[in-house]
Amino acid sequence: MSSSQIHQGLGLLAFLVLCFGVAGFGAYFRPGEWYARLAKPSWTPANRVFTPIWIVLYAMMAVAGWLVWREAGLPGAALPLGLFVLQLFLNGIWSWLFFGLQRPDLAMVDIVALWLAITATVASFWGISLIASLVMLPYLAWVSFALLLNHSIWQLNR
């Protein structure tokens, strides 16, 4: 194995640790009884659906970030990778706001900012790695759905 391959492998590992570190932080804040008592729209997925979807999405995010880093490096992709970290931060605090603080209203502000940050990340990745940009689209779609769900729950439980 060459030093370049080791470097690439360590880079992927770093992106996986970063993304799943955020996932671990978010998973600390569980839905619990408070969430179970909330009025929810009829199209709310079962709780068991969320974990497998998020595992796949976090893995895809890590691969997308790694592809951009691999193609352009940190100096060459400072803005796109900065946006990537911003959207991860906003992603991570959503669970704390929604489940931890039990504030769907604050979570709504966060998820709108998250949606905008993901959109900016996808657009900035486009010029460096089309594949990385495309790999982020299922995440954008899921967060779009989550935004509608967050809004509906917030409205139903004012």
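Q: In which element does Ile-55 lie?
A: Helices here are DSSP runs of H or I with at least four residues, strands being E runs of at least two, and both are numbered from the N terminus. Residue numbers start from 1 along each chain as its sequence is written, and because this is a predicted model, local features need pLDDT of at least 70 and side-chain atom pairs count only at pLDDT 80 or more, while totals for chains, interfaces and linings use all residues. Side-chain values use heavy atoms, with hydrogens and water left out. On that footing, the element that holds Ile-55 is helix 3.

Q: Is Ile-55 buried, partly exposed or exposed?
A: Buried means under 20% relative accessible area and exposed means over 50%, with partly exposed in between (1.4 Å probe, protein chains only). Ile-55 has a relative accessible area of 46%, so Ile-55 is partly exposed.

Q: How far apart in space are Ile-55 and Ile-6?
A: In sequence, Ile-55 and Ile-6 are 49 residues apart. From C-alpha to C-alpha, their separation in space is 25 Å.

Q: What is the accessible area of the nonpolar surface patch that includes Leu-10?
A: Such a patch joins nonpolar side chains (Val, Leu, Ile, Met, Phe, Trp, Tyr) within 5 Å, from residues with over 30% relative accessible area and no salt bridge; like charges are joined within 9 Å. Leu-10 sits in helix 1 (residues 3-28) and is exposed at 52% relative accessibility. Its partners in the patch are Met-1, Ile-6, Leu-13 and Val-17. By the Shrake-Rupley method with a 1.4 Å probe, the area of the five together is about 560 Å².

Q: Which helix gives the largest share of the largest nonpolar core?
A: A nonpolar core is a set of buried Ala, Val, Leu, Ile, Met, Phe, Trp, Tyr and Cys residues joined through side-chain atoms within 4.5 Å. The largest one has 47 residues, and those with the most contacts inside it are Met-61, Phe-84, Phe-98, Ile-111, Met-136 and Tyr-139. Among the elements that give two or more residues to this core are helix 4 (78-100) and helix 5 (104-126). The largest share, 10 residues, comes from helix 3.

Q: Which residue forms a salt bridge with Asp-105?
A: A salt bridge needs a side-chain nitrogen of Lys or Arg within 4 Å of a carboxyl oxygen of Asp or Glu, and the whole structure has one. Asp-105 is partly exposed at 25% relative accessibility. With the closest N and O atoms 2.6 Å apart, its partner is Arg-103.

Q: Why do Tyr-28 and Phe-29 count as they do among the aromatic pairs, and what is the pair called?
A: Rings of Phe, Tyr and Trp (its six-membered ring) pair if their centres lie within 6.5 Å; planes under 30 degrees apart are stacked, over 60 edge-to-face and the rest tilted. The structure holds 17 such pairs. For Tyr-28 and Phe-29, the centres are 5.1 Å apart and the planes stand at 90 degrees, so the pair is edge-to-face.

Q: How many residues apart in sequence are the parts tied together by Trp-43 and Phe-145?
A: These two rings have their centres 5.6 Å apart and their planes at 65 degrees, so they too are edge-to-face. Trp-43 lies in the loop between helix 2 (32-37) and helix 3 (47-76), and Phe-145 in helix 7 (residues 137-156), so the parts they tie together have a sequence separation of 102 residues.
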